[in-house]
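Student: I am new to this structure. Please take a close look at the salt bridges and tell me where their partners sit.

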Amino acid sequence: MGEQLTESDVKKIKEEIEYRKLVVRKRELEAVKEARAQGDLSENFEYKAAKQDKNRNESRIRYLEKMLKNARIVSDVSKDDEVGINNTVEVYFEDDDETEVYRLVTSVRGNSLQGLISIESPLGKAIRGHKVGDRVKVKTSGDNGYYVIIRKIDKTTDDSQDTLRKY
């Protein structure tokens, strides 16, 4: 089963593929040609670095194309009172007596350091589809887990500033 992506994710991935094919690929090929022209390739660091950069770009293109090929499109539309993709959620952690704010996103945009929690993470799976006031068990492994209470849901839909995960 492939990644769960929204239409917006698919659009961003296609844009990155196009940019890498039309702009980055051309630039990397030119860098390889210039480095090759410097002579002895066995001790030419510039040549080796240029080849690595070119190969890294090609690898990223293949990775993104494979992701699109195997993707499962999910809707980012949710009911007004339910947690859905792109919604900002205030969550109270009972065990820690702390409140945190997260935005639920697809895994291709997940970045916990920026408060972007994947719908495929334990917390994301647990709170998706729930309402304000719901007490939800977040399963970590087996029967283990912890409880959170959904305190607030903001219907944020603008994901234009989100970036794709690198690998």
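Tutor: What follows goes through the salt bridges one pair at a time. The model is a predicted one. It holds 9 salt bridges, and three of the pairs are described here.

Start with Arg60 and Glu16, whose side chains meet in a salt bridge at 2.8 Å, N to O. Arg60 belongs to helix α2 (residues 45-70) and Glu16 to helix α1 (residues 7-36), so this pair ties together parts that are 44 residues apart in sequence. Arg60 has a relative accessible area of 2% and is buried. Glu16 is buried as well, with a relative accessible area of 15%; the cut-off for buried is under 20%.

Glu65 and Lys21 also form a salt bridge, and their closest N and O atoms are 2.8 Å apart. This pair, too, links distant parts of the chain, with Glu65 in helix α2 and Lys21 in helix α1, 44 residues apart. Glu65 is partly exposed, at a relative accessible area of 34%, and Lys21 is partly exposed at 32%.

Asp53 and Arg56 make a salt bridge of 2.9 Å, N to O, between their side chains. Here both residues lie in helix α2, 3 residues apart, which is about one turn of the helix. Asp53 counts as partly exposed at 31% relative accessibility, and Arg56 is partly exposed with a relative accessible area of 48%. Elsewhere, salt bridges with shared partners join Glu16, Arg20 and Arg60 into one network.

Key: Residues numbered from 1 in each chain as written. Predicted model: local features only at pLDDT ≥ 70, side-chain atom pairs only at ≥ 80, totals over all residues. Heavy atoms only, no water. Salt bridge = Lys/Arg side-chain N within 4 Å of Asp/Glu carboxyl O. Helix = DSSP H or I, 4+ residues; strand = E, 2+ residues; numbered from the N terminus. Buried < 20%, exposed > 50% of the residue type's maximum accessible area, 1.4 Å probe, protein only.
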